[in-house]
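Me: I should like a close examination of a single part of this structure, set out as one connected account. Please relate that part to the chain around it.

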Amino acid sequence: MEKNRLEIGSRNLAQIDGAGGEAVIQSLRDIAPDLGRYLVEFAFGDIYDRPTLSLPEREMITLASLLTAGGCEAQLEVHIAAALHVGIPKEKIIEIFLQCIPYTGFPKVLNAVFAAKKVFSKP
């Protein structure tokens with residue numbers, strides 16, 4: 001079962017994040033390899049593989065959640081790139097962030113917009 005979750009999670013991660021997701025997992029190999037495996041098995045193997053929401057819907061929820069949590073700019077950058085990878089246009093990403101202003105405030109939204117600006121500027 002564990003290998004199945006890892007395989008499913010690896011497949012979903014590649015579909016969602018492309019090379020960016022694998023780079024995150026690789027960056028954990030020398031310090032916390034189990035954390036990388038947990039991320040792949042649980043988040044991408046169990047949660048992202050559920051049937052009700054589409055990958056773009058999941059990424060929109062993830063963007064709003066990371067923005068709301070605050071202090072997650074590195075993860076926001078990964079998921080902004082993932083959102084682009086699954087077909088969410090830049091304008092919609094910014095609109096998702098703007099929608100959060102009344103609930104989380106300007107500072108967190110500004111941080112998210114600057115993270116998006118950084119991702120959008122990459123070739």
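The part in question is helix α5: which of its residues are buried, and with which residues is E77 in contact?

Reply: The account below begins with the chain as a whole and then turns to helix α5 and its surroundings. The model is a predicted one.

The secondary structure of the chain consists of eight helices and zero strands, so that the pattern along the sequence reads α-α-α-α-α-α-α-α, given that helices and strands are taken as DSSP runs. For 123 residues, a compact globule would have a radius of gyration near 14 Å, and the value for the chain, 14 Å, agrees with this. Along the principal axes, the C-alpha atoms fill a box of roughly 45 × 35 × 30 Å. Of the 123 residues, 37% count as buried. Among contacts between residues at least 6 apart in sequence, 65% join residues at least 24 apart. The accessible surface amounts to about 7300 Å², and 62% of this belongs to carbon and sulfur atoms. As to charge, there are 13 positive and 15 negative side chains, and the centres of the two sets lie 2 Å apart.

Helix α5 comprises residues 73-85. Its 13 residues should span 18 Å at 1.5 Å a residue, and the end C-alpha atoms are indeed 18 Å apart. The buried residues of α5 are L76, E77, H79, I80, A82 and A83. An α-helix has 3.6 residues a turn, so residues three or four places apart point the same way. After α5 comes G87, which has a positive phi, near 100°.

Among the buried residues of α5 is E77, an acidic residue by the charge count used here. The relative accessibility of E77 is 17%, and E77 counts as buried because the cut-off is under 20%. Neighbours within four places in sequence aside, the contacts of E77 are A115, K118, V119 and K122. Helix α8 spans residues 106-120.

A116 also has its place in helix α8. With a relative accessible area of 0%, A116 is buried. Its contacts beyond four places in sequence are I80, I94 and F97, and I80 is one of the buried residues of α5. A second buried residue of α5, H79, is 37 residues from A116 along the chain, with 9.7 Å between their C-alpha atoms.

K108 lies in helix α8 as well, but at 31% relative accessibility K108 counts as partly exposed. Leaving aside neighbours within four places in sequence, K108 is in contact with L67, T68, A69 and G70. The C-alpha atoms of K108 and G71 are separated by 8.3 Å, although the two residues are 37 apart along the chain.

For comparison, helix α3 (residues 33-47) has 15 residues and reaches 20 Å from its first C-alpha to its last, close to the 21 Å expected. Its buried residues are G36, V40, E41, A43, F44 and G45. F44 lies 7.2 Å from S10, C-alpha to C-alpha, with their positions 34 residues apart in sequence. S10 belongs to helix α1 (residues 2-17) and, at 35% relative accessibility, counts as partly exposed.

In short, helix α5 has the buried residues L76, E77, H79, I80, A82 and A83; E77 is in contact with A115, K118, V119 and K122, and A116 of helix α8 is in contact with I80.

How values were computed
Residues are numbered from 1 along each chain as its sequence is written. This is a predicted model: local features need pLDDT of at least 70, side-chain atom pairs count only at pLDDT 80 or more; totals for chains, interfaces and linings use all residues. Side-chain values use heavy atoms; hydrogens and water are left out. Helices (H or I, at least four residues) and strands (E, at least two) are DSSP runs, numbered from the N terminus. The radius of gyration is taken over C-alpha atoms; the globule rule is 2.2 Å times the number of residues to the power 0.38. Buried means under 20% relative accessible area, exposed over 50%, partly exposed in between (1.4 Å probe, protein chains only). Contact means heavy atoms within 4.5 Å. Accessible areas come from the Shrake-Rupley method with a 1.4 Å probe; for residues, only the protein chains shown count as cover. The place of a charge is taken as NZ of Lys, CZ of Arg, CG of Asp or CD of Glu. The expected span of a helix is 1.5 Å times one less than its number of residues.
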